[in-house]
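Colleague: Please take a close look at one part of this model, the second helix, and describe its surroundings as well.

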Amino acid sequence: MTAHWESQLDAICQKHASYQSFMSPLLGRLNELIAQAVTVVPSSLQGLPSKPVKRRRKRSAGTGTRSRKATSSKRKQSA
């Protein structure tokens with residue numbers, strides 16, 4: 001496939017072929033693959049949740065509003 005594309009691209013460089021004649025079949029095949037990917041779920045992905053799980057962001061050190069001492073005393077109270 002790559003050798004064929006290189007041949008076509010060389011022909012475009014030498015003005016023996018058009019860009020559109022190169023891209024049109026590629027875009028058509030790409031649209032087919034996308035349509036297939038939307039309708040067919042691979043068996044390895046079946047059973048996964050359809051919506052992505054929202055992940056909580058980790059706060060980097062020093063960005064919280066409480067001081068370290070206030071946080072540790074809060075933990076002691078709840079224990």
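Modeller: What follows goes from the whole chain to the second helix, its partner, its charged pair and its surface.

This is a predicted model, in which local features need pLDDT of at least 70 and side-chain atom pairs count only at pLDDT 80 or more, while totals for chains, interfaces and linings use all residues. Residues are numbered from 1 along each chain as its sequence is written, and side-chain values use heavy atoms, with hydrogens and water left out.

The protein chain has three helices and zero strands, in the order α-α-α along the sequence. Helices (H or I, at least four residues) and strands (E, at least two) are DSSP runs, numbered from the N terminus. Of its 79 residues, 3% count as buried; buried means under 20% relative accessible area, exposed over 50%, and partly exposed in between (1.4 Å probe, protein chains only). The chain exposes about 8100 Å², of which carbon and sulfur atoms supply 56%. Accessible areas come from the Shrake-Rupley method with a 1.4 Å probe, and for residues only the protein chains shown count as cover.

Helix H2 covers residues 19-39. Its axis and that of H1 (residues 2-13) come within 9 Å and cross at roughly 150 degrees, so H1 is roughly antiparallel to H2. Axes are lines fitted to C-alpha atoms, for helices over the stretch in contact, and angles run from 0 to 180 degrees between N-to-C directions. Angles under 35 degrees count as roughly parallel, over 145 as roughly antiparallel, 65 to 115 as roughly perpendicular and the rest as oblique. On the H1 side the contact (heavy atoms within 4.5 Å) is made by Trp5, Gln8, Leu9 and Ile12, and on the H2 side by Tyr19, Phe22 and Leu26.

The loop between H1 and H2 holds Lys15, which has a positive phi of about 65 degrees although it is not a glycine. Most residues other than glycine have a negative phi. Lys15 is exposed, at 76% relative accessible area.

Within H2, the side chains of Arg29 and Glu32 form a salt bridge at 3.2 Å, N to O. The term means a side-chain nitrogen of Lys or Arg within 4 Å of a carboxyl oxygen of Asp or Glu, and the count by this rule is one. The two residues are three apart, about one turn of the helix. Arg29 is partly exposed at 45%, and Glu32 is partly exposed at 49%.

Leu27, Leu30, Ile34 and Val38 make a nonpolar surface patch of about 370 Å². Patches are made of residues with over 30% relative accessible area and no salt bridge, with like charges joined within 9 Å and nonpolar side chains (Val, Leu, Ile, Met, Phe, Trp, Tyr) within 5 Å. Val38, in H2, is exposed at 65%.
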